[in-house]
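Thanks for sharing this one with me. My notes are set out below as numbered points, to be read with the structure open beside them.

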Amino acid sequence: MIPYEFDYYRPDTIQEAVDLSKHLKTSGQKAIYYGGGTEFITMARLNNIYVDAIIDIKNIPECNVYEIDGDELIVGSAITLTHIAEMRLFPLLSMAAHRVADHTVRGKITLGGNLAGSIIYKETSLPLLVANSDILIGKIAQIKRIPFNEYWSKSPEEKKGDLIIQLIIDKRYLALPHAHVKRTKNEKIGYPLVSIAALKDGENINIAFSGICDVPFRSKDIEKALNDSTVSKDERIHNMLENIPFEILDDLGGAMEYRKFMLSKVVEDMVEAFEGGDGHAQNIWH
Ligand SMILES: Cc1cc2nc3c(=O)[nH]c(=O)nc-3n(C[C@H](O)[C@H](O)[C@H](O)COP(=O)(O)OP(=O)(O)OC[C@H]3O[C@@H](n4cnc5c(N)ncnc54)[C@H](O)[C@@H]3O)c2cc1C
């Protein structure tokens, strides 16, 4: 049971949701958007979060879209990870979604919740980063479409209060050769020690990481190092490790040296799989 009372709103339009959020904020109330509720309910039960109101976005039509529209795939933020995993419109995103949490929880977690929640792994961000996606967000008095990579590099403070409406992926990326790898401490299900998603776009590998640092990331310097065909594979992996942009996690989940070792092995095997055979590494690596 949640040990306090709060108001529940379920707006039917983006405008209503954004206006409501603004109104609650200016009247001094703490309100958050609500997707699948898995994180909010767990934290509220433990008294780890207090809100005056929640704004459930599941009635907003734009947040429930999951379709190809012209040259783009549109994924609404209220779509559950189970739905994304089962309808393989973007196989790399489906693979990443399929490895988040367990079957029961996955049926509730939404794409927007995975991207905006406080749990650091946000594994569905990885395919969106490597596919140069766009994100549609609702801010006070405006709806903005911006590159997801740009949005992702903003601080939590800058993103605070944004309503994630949709993720938009150019169709060109949907069927590129791809790989997804997740390694956990013990079981198939669990938080990642290392989670990577990669696309082979022409001669280049686009790659993004979760589990290594306390934020999921894609890095130009890492891709430059990995795609440098003038040096040996060992050197490329070494240079990749030298270019990790944040501190590597070192905790009970996994020591820093172990995470680095696992990362280098996984990336080395992935590069080999991409560069040999038909370039479709996904069957080997999921
Ligand atoms: C048992 C369990 C296992 C998990 N395992 C993994 C894992 O392996 N890998 C991984 O990456 N994550 C994992 N997670 C994290 C999970 O993906 C996040 O907690 C996610 O926030 C839950 O999504 P939700 O839709 O239930 O979010 P909610 O509980 O509804 O919301 C969580 C937060 O996101 C915000 N939010 C939700 N939707 C939007 C939106 N459209 N726009 C703006 N803000 C929004 C809410 O305001 C709230 O702050 C796990 C979580 C649980 C409970």
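1. Let me begin with a small puzzle: which residue in β8 does I135 stand opposite? The partner of I135 is L167. Please keep in mind throughout that this is a predicted model.

2. That pair belongs to an open sheet of five strands, ordered β4-β5-β8-β6-β7 and paired in the antiparallel sense. The edges are held by β4 (66-69) and β7 (142-147), each of which pairs on one side only. On average, neighbouring strands in this sheet are turned by 20° against each other, direction ignored.

3. Strand β8 deserves a careful look. On one side, β5 (residues 72-76) runs antiparallel to β8 (residues 163-170), and five bridges join the two. Along this pairing you will find I74 opposite I168 and E72 opposite D170. Five bridges also join β8 to β6, again in the antiparallel sense. As for cover, β8 is mostly shielded, with six of its eight residues buried.

4. A helix comes in here as well: α1 (residues 14-26) packs on the five-stranded sheet, where it touches β6 (134-139), β7 and β8. The direction of α1 makes about 135° with that of β8.

5. How many of the six residues of β7 are buried? The number is zero, so β7 lies largely in the open. Its pairing is with β6, antiparallel over six bridges, and K139 has Q142 of β7 as its bridge partner. The two strands form a hairpin with two residues between them, and A141 in that turn has a positive phi of about 65°.

6. A141 leads me to two further backbone points. In general, most residues other than glycine have a negative phi. N47, however, has a phi near 60°, a positive value in a residue that is not glycine. N47 sits in the loop between α2 (38-45) and β3 (53-56). Buried or exposed? N47 counts as exposed, because only 12 or fewer neighbours are allowed for that label and N47 has 10 other C-beta atoms within 10 Å.

7. A101 is the other case: not a glycine, yet with a positive phi of about 55°. The loop that holds A101 runs between α4 (91-98) and α5 (103-106). A101 is buried, because the label calls for 20 or more other C-beta atoms within 10 Å and A101 has 20. I would enjoy hearing what you make of these two loops.

8. Now to the other sheet. Four strands, in the order β9-β10-β11-β12, make up an open sheet with antiparallel pairing. At its edges stand β9 (178-184) and β12 (217-218); each has a single partner strand, so one side of each is left without a neighbour in the sheet.

9. Within this four-stranded sheet, β10 (residues 192-201) and β11 (residues 204-210) run antiparallel and are joined by seven bridges. One of the pairs to look for is L199, which stands opposite N206 in β11.

10. Which helix packs on this sheet by touching β9 and β10? That is α4, whose direction makes about 10° with that of β9. Recall that α4 also borders the loop holding A101. Helix α12 (residues 256-275) lies across β9, β10 and β11, running at about 25° to β10.

Technical notes
Residues numbered from 1 in each chain as written. Predicted model: local features only at pLDDT ≥ 70, side-chain atom pairs only at ≥ 80, totals over all residues. Pairing = 2+ DSSP bridges. Axes fitted to C-alpha atoms, helices over the stretch in contact; angles between N-to-C directions. Contact = placed C-beta atoms within 7 Å.
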